[in-house]
Amino acid sequence: MIKLPTTPSMRLDNRRAFVTGASRGIGLGAAVALAEAGAYVVLAARSSAELAQVVDAIRARGGACEAVEVDVTDVGRVTQIIENYAAFDILVNNAGTNRPGPMHEMTLEDFDAVMNLNVRAAYFVAKAVVKKMQLKGRGGSIINTSSQMGHVGGIDRTIYSASKHAIEGLTRALAIELGKDKIRVNTICPTFIRTPMTEKTFANPALVEWIHSKIKLGRIGEIEDVMGAFVFLASDAAAMMTGSSLMIDGGWTAG
Ligand SMILES: NC(=O)c1ccc[n+]([C@@H]2O[C@H](COP(=O)([O-])OP(=O)(O)OC[C@H]3O[C@@H](n4cnc5c(N)ncnc54)[C@H](OP(=O)(O)O)[C@@H]3O)[C@@H](O)[C@H]2O)c1
């Protein structure tokens, strides 16, 4: 009998994950998926009431998790919180925001709000998690929730697109830096997904028409469309992937 290769496991038992922006939307989907794959998940966001509901629901399905209330833009506080936890094996840097609009309407406050959360907070959360991953010495997986807008531009998305292109650059540079520690760093790049963040966009018929004209699969994305990608990138099945971007864009960036 010939010796067949073994498909690497996508189970995440005995791994610890930290997921930011886990109280709703894509981060909630990531937390659920990682917990179902066996990881112990720490869910972070600002709203403790929303987090508590998610934690209860994950536990009811048999997952192991806890919540931590934190504003990740408070770099000192979130660093201290991560410092107080045992090392994580998986980080999902997902908390993010958008202030869509034409450039002439954008303010310094809009720019700083998007950049502070989407780039600055993601950078320093990764820094804190990586420090303990390196000390533990068993590698890890960092998954940054980027966007298709990290690869192309979009209507009313100058600041957002700049922030997601920044995350793509951070991911590649960090992948180079952390390869020696077997810490993999990748992005997930969704198209428009139905979440609280995109409610206003989907209420605008002109934007919906634009979105449908770009998504080759002919529909808007749902949270379920991104969940498996988090498990894959966190798992041994993606052991040779680092510095990569996983497009979940229904073909938007294909042309
Ligand atoms: N939805 C899409 O179409 C889409 C497409 C591509 C990429 N993305 C990216 O996916 C990520 C999640 O988007 P989403 O649509 O799921 O957004 P969402 O529905 O608005 O959820 C955002 C999450 O981030 C948390 N959050 C916001 N500010 C925070 C802060 N300062 N500190 C800690 N947590 C904070 C929110 O909880 P609290 O408000 O309670 O803190 C919430 O859990 C973002 O990075 C976004 O750019 C989204």
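This passage describes the pockets, the cavities and the ligand surroundings of a predicted model.

The largest pocket was examined first. About 1,100 Å³ of space lies within the largest pocket. Its lining is made up of 42 residues. Closest to the centre of the pocket are G96, T97, N98, T195 and M197. Four elements each give two or more residues to this lining: helix 1 (25-36), strand 2 (40-45), helix 5 and helix 6 (199-202). By class, the lining residues of the largest pocket comprise 16 nonpolar, 19 polar and seven charged.

The ligand takes up the space of this largest pocket. Around the ligand stand 30 residues. The nearest of them are S23, S47, Y160, I193 and T195. T195 thus appears in two lists. It is among the residues closest to the centre of the largest pocket, and it is among those that come nearest to the ligand. Helix 1 and helix 5 each supply at least two residues of the shell around the ligand. Both helices also give two or more residues to the lining of the largest pocket. The shell around the ligand divides into 13 nonpolar, 13 polar and four charged residues.

Polar contacts with the ligand involve both backbone and side-chain atoms. A polar side-chain atom of T195 lies 2.5 Å from an oxygen atom of the ligand. For I193, the atom concerned is a backbone N or O, and the distance to a ligand oxygen is 2.7 Å. A polar backbone atom of G21 is 3.2 Å from an oxygen atom of the ligand. On its own, the ligand has 880 Å² of accessible area, and the protein covers 95% of this.

The second largest pocket holds about 210 Å³ of space. Its lining consists of R15, D89, I90, R138, G139, G140, S141, K182, R184, A234, D236 and A239. Six of these lining residues are charged, three are polar and three are nonpolar.

Cavities were considered next. The structure holds two cavities of 30 Å³ or more. The largest cavity has a volume of about 40 Å³. N93, N94, A95, N118, A122, T145, K164 and I167 line it. Helix 4 (108-136) and helix 5 (158-178) are the elements that give two or more residues to this lining. The lining of the largest cavity has three nonpolar residues, four polar ones and one charged. Helix 5 also contributes to the lining of the largest pocket and to the shell around the ligand.

The second largest cavity has a volume of about 30 Å³. It is lined by T20, V72, N93, A95, L117, A121, A122 and V125. Helix 4 provides the largest share of this lining, with four residues. By class, the lining of the second largest cavity has six nonpolar residues, two polar ones and no charged ones. The two cavities have lining residues in common. N93, A95 and A122 belong to the lining of the largest cavity, and they also belong to the lining of the second largest cavity. Helix 4 likewise contributes to the lining of the largest cavity and to that of the second largest cavity.

Methods. Residues numbered from 1 in each chain as written. Predicted model: local features only at pLDDT ≥ 70, side-chain atom pairs only at ≥ 80, totals over all residues. Heavy atoms only, no water. 1 Å grid on protein atoms, 1.4 Å probe; cavity = no way out; pocket = protein on both sides within 12 Å on 5 of 7 lines; lining within 4 Å. Points joined across faces, edges and corners; volume = space filled by probe spheres on them. Nonpolar A, V, L, I, M, F, W, Y, C, P; charged D, E, K, R; others polar. Near = heavy atom within 4 Å. Polar contact = N/O pair within 3.5 Å; in protein donor to acceptor, adjacent residues only side chain to side chain. Areas by Shrake-Rupley, 256 points an atom, 1.4 Å probe, with all protein chains shown as cover. Sits in = over half its atoms within 2 Å of the grid points.
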